[in-house]
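Subject: A structure for you to look at

Hi,

Here is the structure I promised to pass on to you. Have a look around it, and then read on for my notes.

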Amino acid sequence: MSSSPLSKKRRLSGTETKTGSHCSSSNSVRTDLSHTPANGMAKNGNDAEIDEGLYSRQLYVLGHEAMKRMQNSNVLISGMRGLGVEIAKNVILGGVRSVTIHDEGVAEWRDLSSQFYLREEDLGKNRAEVSQARLAELNSYVPVTGYTGPLTEDYLTKFQVVVLTNSTLDEQQTLGEFCHSKGIKLIVADTRGLFGQLFCDFGEEMIVYDTNGEQPLSAMISMITKDSAGVVTCLDEARHGFESGDYVTFTEIQGMTELNGCKPVEIKVLGPYTFSICDTSGFTDYIRGGIVSQVKIMISFPQMKSLSSSLAEPEFLMTDFAKMEFPGQMHLGFQAIHAFQKKHGHLPAPWSQADGEELLALAKDVNSAQTGSAKVEQLNESLIKKMSYVAAGDLAPVNAFFGGLAAQEVMKACTGKFMPIMQWLYFDALECLAEEEGFMLTEEECAPKNCRYDGQIAVFGTKMQDLLAKQRYFLVGAGAIGCELLKNFAMIGLAAGEGEVIVTDMDTIEKSNLNRQFLFRPWDVTKMKSDTAAAAVKLMNPAIKITGHQNRVGPDTERIYDDDFFESLDGVANALDNVDARMYMDRRCVYYRKPLLESGTLGTKGNVQVVIPFLTESYSSSQDPPEKSIPICTLKNFPNAIEHTLQWARDEFEGLFKQPPENAMQYLTDPKFMERTLKLPGAQPAEVLEALYKSLVTDCPQNWADCVAWARNHWQCQYSNNIRQLLHNFPPDQLTSSGAPFWSGPKRCPHPLEFSTTNELHMDYVVAAANLFAQTYGLQGSTDRAGVIKILQDVKVPPFTPRSGVKIHVSDQELQNNNSSIDDTKLEELKAMLPSPESFQFKLTSIDFEKDDDTNFHMDFIVAASNLRAENYDIPPTDRHKSKLIAGKIIPAIATTTAAVVGLVCLELFKIIKGHKKLESYKNGFMNLALPFFAFSEPIAAPKHKYYEIDWTLWDRFEVTGLQPNGEEMTLRQFLDYFKNEHKLEITMLSQGVSMLYSFFMPAAKLKERLDLPMTEIVTKVSKKKLGKHVKALVFELCCNDLSDEDVEVPYVRYTIR
């Protein structure tokens, strides 16, 4: 998804930087910076090493260059109430040079509803002083200073970015003018109950180095025309994905070589496989091949206006397209609230009608005083009054949302990475209020009670607080989203009375978690996530009742999370990192009819989905398209991208250090292993037995030198011999049956490598492979390179001659058609050659891939194996950092997105607890903070189905009680009759899980045997599993015909047995 602001202008240069290209200079781009804007993007002064162990997941979002620029920025955050501390937390986790937190005020009761680093004993103390030590613990690389004096102009000059969160409008304007004149980047953030405001002024000139953070695209070329605007056609394997206005460059073109290495050229997209470029009419004729690659270019962001100028002529970034007129109204409403506060010295009283009328009058005055585009024709009186009613409120979820957004803007200001907000952003969550039109709370219900929830009571009243305290919620996962949810739960008072939060996570804390799972500290590494997180939020709100579990959710734990457990819950919140677990929890919530809060993040992208029983579809109702897999033949013989060589290296790792030791140990310890292996299809039995023979006989090492010799010979096999065999089968000049070159398009012609002990990469491979091989046999490894080189001098590498008659598959289709099986005599020979399990002395250990430990040789092996194969095929190699991302399937993550997403989740939680019944009250949300882009929509209603005149959805089912009044259980015959008589449905097939219990085509003898058996007996007989004592009911799936013998879709059956 992309958003291309119309005001965006690109920096073009009139000078050519490379020869060999006649592309007109008006289409090319300058990618250097001739000067540095004041106070901002100076070259990094402290070229400190970036701690990749800590910042790993964030580096995949921002990149090393942006992180270095961020480490050069001093940030001031003024106002340490709930919003200020949220921004500070995210910025400190991000890793700027320093953070100064400023506040001249003291902690009050109303602050505790969202300021998670203030405690009751801190009341009356300065907020910045109290928060400083707790914020400083978040990141040892970021010094955090508290400041309690006035914000003078002289003081502000120390900072590159200033954030104001609790300032008067006069102060915002005065400081805003000063910052604008000095090139200091300014962010103003403010929340009032269910309303929020964000303003950015990044000065006269802001350089954006990367607008969206996406990986540059590339595509293979099949044709380029000679024309005034040459047309490039890409191979039709996949759409190119470019957009008009993108810049590209070319490599490996045969024929039209003028384009190779040319300066970035602007393109115009003509279709999914075509685009036009510059004038190619004077170039050489195109012959074949070539790769087109997108180039990220810096752009000069349009001049931003100062706060005073922008107040009169505002530019809004829309957050909710269903409320197009709201930003303009809130723009005036926030100014009216400032005017009210200036006049009275306090905010409008919660739900006071008199103050509401006065605020409306002030808003009218503000509007009539406008001369610019900020003036609106008609004030939305109901909206302005609601702003007055909740202005004294302070809600943790709204602060979390705005805290995430504002902190991301701080990072943009420091780094030039991603597009800034232009310039005002407004947001409201009015749907959290009661659904009835005109509903009013009383002033008495919402007046301060001198308790920690005063900021929330101001918005929702005391009854809501009582409801929150009684909730019993199940939180699945205590990672990044889990930590943020727990913080919000503690702040809003969820389960702070009779209720309980149960959080489960089977993981322990790792160093890379500390960058965004903010409840954990360096001294917590290796502890259990759930217990540590539970203890951390108890400090934030001692009243919260929370229990930590270490269980994985799934069929294996249904004895713990059984009917009684789920029936006692009010709802479930997912904080998971994989689709399978999400779908499992979704199925449980549908079965037990519990609301589910679902969310996820990917870098700067985030989404929220709310699942409400009998109202919305479920999480599983819609699915993303499956990830595109790499064809086997591409991996084995024809890679053309680094992703292919990295996947090949991962497969190598599994096939050398995981699978063989596993199979060998099963052979040695499990008497049934051989029987199972011989039943495998095709050539698999022979492959497994051959690998076993290698592991236990031919390759079995006696010492470290044997491991080095094995690694050297394996190197020879993979990077020289196999490539020579491939070129023997398909020589470089080979033609296809149609006369075209075989090695063209996606097929890159490889070349064999020559081993050398002076080549670092060759030695990296041997050392890593030998150490991993030694580990699998329990032998001592070594990192002494000189010693390894000495051993290598004595290693005999057998000569290799390519053989004729070796079959190499060119396509996966060819591979499938050739599923040859091996004759039994060959298998018997292999079996006879294996040593008997009793005679073998070694214990083999299989190795599970672990990407985050830099001392275990896993990533050393992957990087070396992948880059050597890339060298075979002339694919540009990649560094360890990118290799870890792709091979480790790492999900890029950053604290800002997580905080913002969870803020939205908890707004939906308010609605669930208030018992909202209308679909339009709920909001599913999607955001991409990089663009920035926001989209909200009402959830999709549960799809309706019908049999006879009965409507049903996924939330409906047939309830059948298995035990009859006489105490006996229903038989299959009675079950079939029950549906025929009660529902006029003839069951044609009946199943439970994967077990078929009944079908109309069942053999007569089997049917006769089953008809008079009780249902549970049939289930245990067919599934060969006993029913656990925790099982209260079974789920049956039905295929039915109606009276007219037509097939009809019907709900499932919940068959109660206890």
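Below is what turned up, starting with charged pairs and ending with one helix. Please keep in mind that this is a predicted model.

**Salt bridges**

A search of the whole structure gives 56 salt bridges. One of them joins K417 to D210, with 3.1 Å between the closest N and O atoms. These two residues are 207 apart along the chain: K417 sits in the loop between helix 10 (396-415) and strand 18 (424-428), while D210 sits in the loop between strand 8 (206-208) and strand 9 (218-224). Are they buried or exposed? K417 has a relative accessibility of 12% and counts as buried. D210 is buried too, at 9%.

K658 is a good residue to click on next. It forms a salt bridge with E662, where the closest N and O atoms are 2.9 Å apart. Both residues belong to helix 19 (residues 642-669), and because they are 4 residues apart, about one helical turn separates them. In general, an α-helix has 3.6 residues a turn, so residues three or four places apart point the same way. E662 is partly exposed, with a relative accessible area of 26%, whereas K658 is buried at 17%.

K658 also forms a salt bridge with D848, again with 2.9 Å between the closest N and O atoms. D848 lies in the loop between helix 26 (824-833) and helix 27 (858-872), so this pair ties helix 19 to a part of the chain 190 residues away in sequence.

There is also a network of salt bridges, which links R81, D103, E108, R110, D111, R127 and D394.

**Charged patches on the surface**

D507, E510, D577, E850 and D853 form a negative patch on the surface. Among them, E510 is in the loop between strand 20 (500-504) and helix 15 (529-540), and it is partly exposed at 35% relative accessible area.

A patch of positive charge brings together R559, K1026, K1029 and R1058. R1058 comes in the segment after strand 34 (1052-1056), and its relative accessibility of 52% makes it exposed.

**A covered helix**

How many residues of helix 14 are buried? The count is 13 of 13, so the helix is mostly covered by the rule that buried means under 20% relative accessible area. Helix 14 (residues 480-492) spans 19 Å from its first C-alpha to its last, close to the expected 18 Å. Just after this helix, G493 has a positive phi of about 85°.

Enjoy exploring!

Terms used
Residues are numbered from 1 along each chain as its sequence is written. This is a predicted model: local features need pLDDT of at least 70, side-chain atom pairs count only at pLDDT 80 or more; totals for chains, interfaces and linings use all residues. Side-chain values use heavy atoms; hydrogens and water are left out. Patches are made of residues with over 30% relative accessible area and no salt bridge: like charges are joined within 9 Å, nonpolar side chains (Val, Leu, Ile, Met, Phe, Trp, Tyr) within 5 Å. Accessible areas come from the Shrake-Rupley method with a 1.4 Å probe; for residues, only the protein chains shown count as cover. A salt bridge is a side-chain nitrogen of Lys or Arg within 4 Å of a carboxyl oxygen of Asp or Glu. Lys and Arg count as positive and Asp and Glu as negative; His and the chain ends are not counted. The place of a charge is taken as NZ of Lys, CZ of Arg, CG of Asp or CD of Glu. Buried means under 20% relative accessible area, exposed over 50%, partly exposed in between (1.4 Å probe, protein chains only). The expected span of a helix is 1.5 Å times one less than its number of residues.
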